[in-house]
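Here is a walk through one protein model, taken from the overall fold down to single residues. Keep the viewer open as you read.

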Amino acid sequence: MKMLLMVGLGSFAGGVLRFLLTRFVQINSMSSFPWGTTAVNLLGCLVLGVLYGLFSRGLLLHTETRLFLTVGLCGGFTTFSTLLNESFLLLKEGNFPAFFLYTLLSFAGGLIAIGLGYLAAR
């Protein structure tokens, strides 16, 4: 039961942070391109990479803490399903340049951010 509570609390916090950051970035970008979701996905990947880098060093071994941070906080914060929905909408609208830019930034950028986070934590 304690593990479920930790995941739930982390998910709540991650979801609230995702909402706030997405809105902030999107409003300030003054663009219809989904910069808010892109920023959240890249930051979430970076944080997840840092966490797993720390785990690989033997830090943060407490199960509930790991669940709170990874499954809960990062899981509630990252927005992969939103990314796919927005990608679909860009394709549906025939906006192929924006679709390719969005998916390239999100996937390649996310992989790079995970790697950088992992290396930074090691």
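How many helices and how many strands are there in the protein? The count comes to 5 helices and 0 strands, so to speak a plain α-α-α-α-α pattern when you read along the sequence. Bear in mind that what you have on screen is a predicted model. The C-alpha trace spans about 45 × 30 × 25 Å along its principal axes. The protein has 122 residues, and 31% of them count as buried.

Let's begin with helix H1, which covers residues 2-29. Arg23 sits in this helix. With a relative accessibility of 46%, Arg23 is partly exposed, because that value falls between the 20% and 50% cut-offs. If you look for a partner further along the chain, try Gly36: it is 13 residues away from Arg23 in sequence, and the two C-alpha atoms are separated by 6.5 Å.

Between H1 and H2 there is a loop, and Met30 is found in it. What is the sign of phi at Met30? Phi is positive there, near 50 degrees, and Met30 is a residue other than glycine. Met30 is also exposed, since its relative accessibility of 76% is over the 50% cut-off.

Now for the surface. Pick out Leu43, Leu46, Val47, Ile112 and Leu116, and you have a nonpolar patch with about 410 Å² of accessible area together. Two elements each give two or more residues to this patch, namely helix H2 (35-56) and helix H5 (96-121). Which of them has the largest share? That is H2, with 3 residues. On the H5 side, Ile112 is one of the patch members to click on. Why does Ile112 count as exposed? Its relative accessibility is 54%, and the cut-off for exposed is over 50%, so Ile112 qualifies.

Next, the pockets. The largest pocket has a volume of about 240 Å³. Its lining is made of 15 residues, and those nearest the centre are Asn41, Cys45, Thr78, Phe80 and Ser106. Four helices supply at least two lining residues each: H2, helix H3 (63-77), helix H4 (80-92) and H5. Which helix gives the most to the lining? H5 does, with 5 residues. H2 and H5 therefore turn up both in the nonpolar patch and in the lining of this pocket. As for chemistry, the lining divides into 8 nonpolar and 7 polar residues, with no charged ones.

Phe80 deserves a second look, as one of the residues nearest the pocket centre. Its place is in helix H4. Is Phe80 buried, partly exposed or exposed, and why? Its relative accessible area is 46%, which lies between the 20% and 50% cut-offs, so Phe80 counts as partly exposed. In sequence, Phe80 is 18 residues from Ala98, and their C-alpha atoms are separated by 17 Å.

Last stop, helix H3, where you can compare two residues. Phe68 is found in this helix, and so is Gly76. Phe68 has a relative accessible area of 25%, which makes it partly exposed because the value is not under the 20% cut-off for buried. Gly76, at 9%, is under that cut-off and therefore counts as buried. Their distances to other parts of the chain are worth checking too. The C-alpha atoms of Phe68 and Ala13 are separated by 9.7 Å, with their positions 55 residues apart along the chain. Gly76 and Tyr102 are 26 residues apart in sequence, and 21 Å apart from C-alpha to C-alpha.

Technical notes
Residues numbered from 1 in each chain as written. Predicted model: local features only at pLDDT ≥ 70, side-chain atom pairs only at ≥ 80, totals over all residues. Heavy atoms only, no water. Patch = residues over 30% accessible without salt bridge, like charges linked within 9 Å, V, L, I, M, F, W, Y side chains within 5 Å. Areas by Shrake-Rupley, 256 points an atom, 1.4 Å probe, with all protein chains shown as cover. Salt bridge = Lys/Arg side-chain N within 4 Å of Asp/Glu carboxyl O. Buried < 20%, exposed > 50% of the residue type's maximum accessible area, 1.4 Å probe, protein only. 1 Å grid on protein atoms, 1.4 Å probe; cavity = no way out; pocket = protein on both sides within 12 Å on 5 of 7 lines; lining within 4 Å. Points joined across faces, edges and corners; volume = space filled by probe spheres on them. Nonpolar A, V, L, I, M, F, W, Y, C, P; charged D, E, K, R; others polar.
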